[in-house]
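User: I am new to reading protein models and would like to learn how to look at single residues and at sheets. Could you take me through this one step by step?

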Amino acid sequence: MTPEEREAWLKARGITIETVEDRKAAASGGVAPVVLQLQGTDVSEDVDGVELAFVPADTSKPIRSVKLPPGLLQPGSGDAAVNFVKPYFASNTASVDASLLKEQAGKQFAGGNLEGLDMSKLTTGAMNAVAAQGSVETFPLVRPAESNRYTGVYVYLDEVGLLKRLQQNKRATAIAESCGFSPAPSFYGDVFIGRVATKPMMINVDFVVGKDTDRAAEWIQRAGAENLVWQAEMNKIQGNSDTQPPAAGTEGKAVQESGFAFTQDDDEVEVTVEFDEDIDKKSIKVVFLPKSLKVTYKGEEALNIDIFDKIDVDGCTWQLDGKTKLVVTLEKVQTGVMWPRITT
């Protein structure tokens, strides 16, 4: 395999490679396409390229579109969004906070013990030099899987945004939370969100502002379950299946939440609500929706929760267990997947 073939093979699998030619092009002057787009008006529909969402940390500013120019979308080039957004992060001239750098270094590199870390090589100046070139971190909101046609969705963020003390991006964190992450990660500074297909070859595809940034978007509704499937596959590959802790509410052990308890198996989730008095069955009302459960008793709300993943409303039932317990059975739409929790 020639060096060129090796480079193409790695890029097709998402490995970011910066060549001498890439660095020369970056240093040759001119304003990067991403910066030009964000300095002008929003991208119109007739502009060629693959769409990404730009999510400012400042919530008073709208989420808007930017587009990967066709020239960056070369076969075998891997995820072109990384190099596309890099100049935007480089354009933020905020300096790395020295005290925060030392604090984070202690946590990340030496387990809190700085004796084993040579701080002379990890200086504020060195980090600022890296930041000036643009440093991109990617965070997977949903992993490629058969159910999404092997297409992942990723956040692209400034890798040193925390060290620059950039504003927390609450909208990006909220999207991650909607995808099932608990606790949801904190993102700092402006971010981009994009979609990447990985089969038959890695290539960027449209992530549409409005349609895909809506919390009710189909890909968000599926994300939690798809990430669990991906993790299960990784556990099998790594041989960790037997060492993973059991999912919440399994092995006959009920998880006690505020106002209810639950257990689960591959197909169903069983929710138990206990009352302080003998239950009048005629006064119970249970409402099943694809992503929520509501129980009222004698006209007063007894339980109202948003559910982690979709349920089959037609397959859900409820019954009394003794005089004071209401048992609600929720049928999972995606069977065979254990939920890490019952609520979103």
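**Cysteines and a small sheet**

Analyst: C179 is buried, because its relative accessible area is 2%, where buried means under 20% relative accessible area, exposed over 50%, and partly exposed in between, with a 1.4 Å probe and protein chains only. C316 also counts as buried, at 10% relative accessibility. Please keep in mind that this is a predicted model, in which local features need pLDDT of at least 70, side-chain atom pairs count only at pLDDT 80 or more, and totals for chains, interfaces and linings use all residues. Residues are numbered from 1 along each chain as its sequence is written, and side-chain values use heavy atoms, with hydrogens and water left out.

User: How many disulfides are there by the rule?

Analyst: A disulfide is a pair of cysteine sulfur atoms within 2.5 Å, and by this rule the count is zero.

User: Which strands stand at the edges of the open sheet?

Analyst: Strands are DSSP runs (E, at least two residues) numbered from the N terminus, and two of them pair if DSSP finds at least two bridges between them. Here three strands form an open sheet in the order β10-β11-β12, with antiparallel pairing. β10 (284–289) and β12 (300–306) are at the edges, each with a single partner strand, so one side of each has no neighbour in the sheet.

User: Which residues stand opposite each other?

Analyst: β10 and β11 (residues 292–297) pair over six bridges, and I284 lies opposite Y297 in β11. β11 and β12 also pair over six bridges, with T296 opposite E301 in β12. These two strands form a hairpin with two residues between them, and K298 in the turn has a positive phi of about 55 degrees.

Conventions:
Helix = DSSP H or I, 4+ residues; strand = E, 2+ residues; numbered from the N terminus.
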